[in-house]
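I opened this model to go through its charged pairs, its surface patches and a few loop residues. My entries follow in the order in which I looked things up.

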Amino acid sequence: MLIDHLHCLDQRLIDLSDPLKSDAGRGLDVIQLWVPTERIGLHLVDIPSAPERKWPDLIPWILEDKVLQPVEEMHFVVVGRTEFQLQVMAVSRHDMSEWIRIAENTGVSPVAMAPDFMALPNETGILSIGWREGMLLVRESNNIGFSAHPDVGWSLVDSTIENSEITPRISISVPDMDMVPAHLRAESNINNSELDWQFSQFPSVNLMSGDFRPKIKARTWSFWWPVAASTILMLGLLSTYLQTSISSLQDQIDAYKKVYLTNYSQIFPGPKPQVDS
């Protein structure tokens, strides 16, 4: 299955003047998409006392005062839990729809979406920091991380380190070492490797739930039904041809029988032999 970043999908459109030369001209491929972390909020909420089946209805109202948009315009996904709390990701429904539209316009059909900070390595005791087109990506743990412009991002990194019970080791991958604040350079493992979106391990987290559940089955059928219809039509024509050919062959056999009987009667007198039909 394809894996790529939302911001890299425009590279799939090689030549808009000839769709057959681009991936968009080859039908819809399924894809797992990294999406910008800065468009996604992570919230910790106490586990509701209500039955779990009612959580999807309760969580939006629990977070009503913590999100900037009306809850009706937000999409909420429970991505993890601890003993007492749920980890909930919140993203604008408009953003979700827009990401799906962008993907389909480039010839792919998304079946999973995850925040791009999750493309960073996840190791216990290590704070992973990466870079994406002017944005700092930070991963604290399996489901916790953030993205921000460097002027704000490095301050958030300092705050994360200060608030950690055990000071984490720091792994930084950025294009230029001079981007790293001086006080972090000595205590960090720094390299200039870039994130490979297509080969980074995709997490089990999937923002495409509820109203945004993948509809790949319907799309796949809509793509393949002309092929199936053509195949059925060809099989029907082939069956008709075979029946016609068999009937014609039987008529020829009957005609040959009559010729043989006529010739036999002319040569040998007496009763005609019986020929099995």
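Where does Asp-65 lie? I found Asp-65 in the loop between α1 (55-62) and β4 (74-81). I noted that the model is a predicted one. Asp-65 is exposed, with a relative accessible area of 76%. I then looked up the patch around this residue: Glu-64, Asp-65, Glu-72 and Glu-73 form a negative surface patch.

Entry on the whole chain. I counted five helices and eleven strands in the protein chain. The chain has 277 residues, and 37% of them count as buried. I took the accessible surface as about 17,500 Å², with 56% of it belonging to carbon and sulfur atoms. For contacts with a separation of 6 or more, I noted that 62% are between residues 24 or more positions apart.

Entry on salt bridges. How many salt bridges does the count come to? I get five.

I began with Glu-38 and Arg-132, whose side chains meet in a salt bridge at 2.7 Å, N to O. Glu-38 sits in the loop between β2 (29-35) and β3 (40-46) and Arg-132 in strand β7, so this pair ties together parts that are 94 residues apart in sequence. Is Arg-132 buried or exposed? Arg-132 is buried, at a relative accessible area of 5%, while Glu-38 counts as partly exposed at 32%. I also followed the pair outwards: Glu-38, Asp-116 and Arg-132 are linked in a network of salt bridges.

Next I looked at Arg-93, which forms a salt bridge with Asp-211; their closest N and O atoms are 2.5 Å apart. This pair links distant parts of the chain, with Arg-93 in helix α2 (residues 93-105) and Asp-211 in the loop between β11 and α5, 118 residues apart. I wrote down 25% relative accessible area for Arg-93, which is partly exposed, and 56% for Asp-211, which is exposed.

The next pair I checked was Glu-98 and Arg-101, a salt bridge with its closest N and O atoms 2.5 Å apart. Because Glu-98 and Arg-101 are three residues apart in helix α2, about one helical turn separates them. Glu-98 is partly exposed at 27% relative accessible area, and Arg-101 counts as partly exposed at 40%.

Entry on the nonpolar surface. Which residues make the nonpolar surface patch of about 550 Å²? I listed Leu-235, Leu-238, Tyr-241, Leu-242 and Ile-246. I looked up one of them further: Leu-235 lies in helix α5 and counts as exposed at 53% relative accessibility. The cut-off for exposed is over 50%, so Leu-235 meets it.

Entry on two loop residues. I stopped at Glu-133, which has a positive phi of about 45° although it is not a glycine. Glu-133 is found in the loop between β7 (126-132) and β8 (135-139), and it is exposed, with a relative accessible area of 59%.

I then turned to Pro-203, in the loop between β11 (188-191) and α5 (216-267). What does Pro-203 touch, not counting residues up to four places away in sequence? I found Trp-34, Ala-114 and Met-118. I also took the separation of the C-alpha atoms of Pro-203 and Pro-115, which is 9.5 Å for residues 88 apart along the chain.

Definitions and conventions:
Residues are numbered from 1 along each chain as its sequence is written. This is a predicted model: local features need pLDDT of at least 70, side-chain atom pairs count only at pLDDT 80 or more; totals for chains, interfaces and linings use all residues. Side-chain values use heavy atoms; hydrogens and water are left out. Helices (H or I, at least four residues) and strands (E, at least two) are DSSP runs, numbered from the N terminus. Buried means under 20% relative accessible area, exposed over 50%, partly exposed in between (1.4 Å probe, protein chains only). Contact means heavy atoms within 4.5 Å. Patches are made of residues with over 30% relative accessible area and no salt bridge: like charges are joined within 9 Å, nonpolar side chains (Val, Leu, Ile, Met, Phe, Trp, Tyr) within 5 Å. Accessible areas come from the Shrake-Rupley method with a 1.4 Å probe; for residues, only the protein chains shown count as cover. A salt bridge is a side-chain nitrogen of Lys or Arg within 4 Å of a carboxyl oxygen of Asp or Glu. Lys and Arg count as positive and Asp and Glu as negative; His and the chain ends are not counted. The place of a charge is taken as NZ of Lys, CZ of Arg, CG of Asp or CD of Glu.
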